[in-house]
Structure formats: structure tokens, C-alpha cells
Number of protein chains: 2
Amino acid sequence: MEIQLQIKMNEKLFLRDPEQSELGKKIILHSIEWIHKNGFEAFTFKKLAEAIGTTEAGIYRYFENKHRLLIYLTAWYWSWLEYQVTFQTNNIKDPVVKLKMVIHLLATMVEDDIRTSYVDESILHQIIITEGTKAYLTKRVSEDNKDHLFKPYKDLCAVIGNMILECNPHYKYPKSLASTIIEMAHFQNFFMNNLPSLTDFGKSKDEAEIVLFLEDLVFSSLQSSSVGG
Amino acid sequence: MEIQLQIKMNEKLFLRDPEQSELGKKIILHSIEWIHKNGFEAFTFKKLAEAIGTTEAGIYRYFENKHRLLIYLTAWYWSWLEYQVTFQTNNIKDPVVKLKMVIHLLATMVEDDIRTSYVDESILHQIIITEGTKAYLTKRVSEDNKDHLFKPYKDLCAVIGNMILECNPHYKYPKSLASTIIEMAHFQNFFMNNLPSLTDFGKSKDEAEIVLFLEDLVFSSLQSSSVGG
DNA sequence: TTATAAAAGATAGTAACACTATCTTTGCAA
DNA sequence: TTGCAAAGATAGTGTTACTATCTTTTATAA
């Protein structure tokens, strides 16, 4: 049984759907590799075209500009991760166990999902850690948000927020705690590897410790405010 | 009594010290205004030169490139904030009260400090929220870190980490909690104003609520792991 | 008062970037 | 076989990100 996993993307993210052609898939595949290797600042469509063996103009037929492509990649990642969360927490009753699974999925190195042939989730995860916030930290954020470009991120945040409420219906800040978990899973990873004195994991460089930190953070909050509301 | 506040900056941050000349001060003043208005992506030295009434080449005598200027602005901001933290928590004995003061300083709109004539801290604060992380989220982060360009940020983080330990010497993640407070004070603010569904403060848009959230987060963690170590 | 050196201004130039346009070729489908 | 969409090839334009050089202004020390 061979299963292909296809993620339906918002059409405003692209000019031509990259999943519908060979060139489109190459653009996704190679842009992930290129950005991972050289960073988003140095990334240009011309360089990407060279890497693929096509032309600049060809890539512009798929994406308006490199920022849109970054938003596409992040949207794809968050959609995939929400699917992972849904899948991995399926049939789990205990909301605490579910939330722990989410923290694990967010903070731990992902493995390449072979069902998505042109996306290496492991590398994409690394990109999202370093470049992900640049998708929305712009002057255009409100416009882009009106086009629902950040919906996958917001959806995932909502899913996690609901799990938090399942754990403790009286907790006052489920959405903020959810976005904190998501961002900190990545930031602590970046700090651990690049600015280690900003974390307590600089020596071990062990992602498992980030998981423990986040669990401590989350479940302390959820326990302490359980009574009264 | 007129007091001027001067912050000693790492010399690797600039080619010529902007605090030592009128043009240098204009560069700082106008770059803050320009970036606040139009965002860092659209910012160029040519446009800045026009705003100031000087030439592009003139600005290149002070800063290698716009990324270095951003690092300078963030370093300045964190230095200034560490000074604020030290000043405002001076003579406070209770570490819990100190930590609450820090959260307040981080998460609340700052007022312009008139002792720094060419820096509007209130606007700079807004810039740091949106653009601050871009200073270190790059491929060059390790090199820049070796030049100690992020020292002010790391110093502030260390100060807060020590306060955390004062509150609870057994807490296991003081540095990670410190960096979490710093980043989340800004991210929750950005989300509240731009992607409100990622927070619980979208309706009120009240910074005071971010303070309450962070206090809840921090002191839950510090209380719950107090025994045993 | 003059010499002089540093800062700033003026101007020019280049390679790369961020696109847009147009024309041709290829591949497939009715 | 014709016809159309995708891709390739090529060219062009304004902007960005610098570097270089030459001149003028300004502060100050002899």
C-alpha cells in the first residue's frame, strides 16, 4: 500500500500551484535545500533557478516573490504538523498525554515523511526554526493575514489551545500559552545550538531537555490555576 | 541638573562611532524612525540618506550594512533595558517583586527617555518587537556572537536568570525561562496587535494582560518546582 | 593666522537583485 | 492536426548594495 500525502494549500499563496507540476515540485524541493544551506537572506530566485536548472522567469510563474515562497513553506509545514498532531494524538483520551505528545512533536527533530516525496520535513523543520517567524514579522502581516496566509499556524495554535483547556478548563490563557509553546519549542532549539548561554541546554544540546522544560512550564501553569477560575 | 545617559557600545558594531558626531546621531535617530514607519525589509541606506539629507556613502562610513545597523539598535536597546532593570529594581529586596518589575519593563510600552536625546525608546521598543529577532536569526549568528554583538541581550538574560534563581534556587531552567520571558513579552505584543487569535488579549489589546499572563507563567513554574530540586 | 587632518559632501561606477515582457519550443489532448 | 498550456530562452529596467575618488567644510593645534 503506497500512500501519498497531499496538503491542500490556500491558492493565494502561489500564482501557479507547485504541487501540480514537476517544475513546481522541484521549486519546493530545491528552495528548502537552498535556504537550509545558505539562509533566507542570501536566497534569490536566480540562484534557485540555477540550482534547479531552469530560469528565473520560470520560478516567477509560481511565486510572486521569495517572501511568498517562504510563507508557502511555513504554511505547508504547519499544515503538515497539524496533521501529525491529529494523527499522533488520535485515540488518546488523557489530555495531559495528548499535550505531551504535541510538545514532543514540536520540540523534537522530525523525520522525513516519505509520503511527501518532494518535501524533506526534517530539513524544513530546521528552516522553520530559523526563518519561520520572518513570514509574519513584516509590515504586510495584516494584509497577508486577511488573505488567510497564516491560517495553518493559527489552526494549530487553536488545536493546542483546546487541548490546554481540556487539561484545565479554568486556565485563563490557553491561546497565549499555545503560541508560547510553539515559538519556544523553536527558539530554545535555535538558542541551544547558536546562542547556548540563553538556555540551560547548551552543554548537552539535547532536544529532550527542551521537551522537559516545556512540559514543566506548561503543566505548572495548568496545575497552579486549576481551582477557582 | 541635566543628566546625559551614554551607553558604551561594542566597537565591532560600527565602523565609526555614531554617538561621536552629529551625523552619527542623525543616523540613529532617523533609522529608528524610518524602520518604524516602513519596516526593516524596505529599509535601505539610500532612503535613509535622503531622509537625513546626506549621502549613501556617508552612512556607509558608520555602518557596514543595514543588518549591522539593526544589530547596533538591538544591542543599544538591550543595554538600555538592562540599565532600566538595574535602576528600577535597585533597593528592592524581594526577588518576586523584582521579577515582576522586570516583566513589567519588558512587556509594557516604554516612555521616551529624555536623557538619550537621539533615541526615542518608545519607538525603538516597537522596532525591537517586530525586527529584533532578525538580528540573530541568520546564518552569521555564530560569527556575530564571537564578536560579542549579542552581549547586551545575553547579559540581560543572565540578570533575569539570576533573579529567577533568587526566587527559587531549585528551579532547573532559569536561563531558558529568562529568554522565554523576554521573547514572549514581545511576541505576545506583536500577536495581540497583528494576529490576535494567537493570544487571549485580542479584544482588549491591553499590555497589562500580557504582564498577567507572564506573571502567571513564571510564578507557577517557580512555585511548583520549589521542593525537592 | 595658518597649516592640517578628519569628517562630510558630491559624484560616479559596478555587480547583483527584483522583477516584467515577449517570443519560441515542447508536450499533450481534443 | 490543431491548439493550448507549460516551460525555456532572452532581454530589458529600475533598484539595491556596495566601493572609489575627489572636493569642500570644519575643528583645532602650531
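In this predicted model, DNA strand C is surrounded by 16 residues. The closest are Lys47(A), Tyr60(A), Thr54(B), Arg61(B) and Tyr62(B). By class, this surface has five nonpolar, five polar and six charged residues. Helix 3 of chain A, residues 56-60, gives the most to the surface, with three residues.

What do the DNA atoms within 4 Å of the protein belong to? Sugar or phosphate accounts for 50% of these strand C atoms, and bases for the rest.

Three side chains illustrate polar contacts with strand C. Tyr60(A) faces a sugar or linking oxygen. Ser21(B) pairs with a phosphate oxygen. Arg61(B) pairs with a base oxygen. The distances follow.

| Side chain | Atom of DNA strand C | Distance |
|---|---|---|
| Tyr60(A) | sugar or linking oxygen | 3.2 Å |
| Ser21(B) | phosphate oxygen | 3.2 Å |
| Arg61(B) | base oxygen | 2.7 Å |

Next, the pocket. The largest one has a volume of about 720 Å³. It is lined by 27 residues. Closest to its centre are Glu41(A), Lys66(A), Phe40(B), Glu41(B) and Lys66(B). Two elements give two or more residues to the lining: helix 4 (66-89) of chain A and helix 4 (66-89) of chain B. Which of the elements gives the most to the lining? Helix 4 of chain B does, with three residues.

The lining of the largest pocket has 13 charged, ten polar and four nonpolar residues. For the surface near DNA strand C, the counts are six charged, five polar and five nonpolar.

Notes:
Residues numbered from 1 in each chain as written. Chains lettered and ligands numbered in written order. Predicted model: local features only at pLDDT ≥ 70, side-chain atom pairs only at ≥ 80, totals over all residues. Heavy atoms only, no water. 1 Å grid on protein atoms, 1.4 Å probe; cavity = no way out; pocket = protein on both sides within 12 Å on 5 of 7 lines; lining within 4 Å. Points joined across faces, edges and corners; volume = space filled by probe spheres on them. Helix = DSSP H or I, 4+ residues; strand = E, 2+ residues; numbered from the N terminus. Nonpolar A, V, L, I, M, F, W, Y, C, P; charged D, E, K, R; others polar. Near = heavy atom within 4 Å. Polar contact = N/O pair within 3.5 Å; in protein donor to acceptor, adjacent residues only side chain to side chain.
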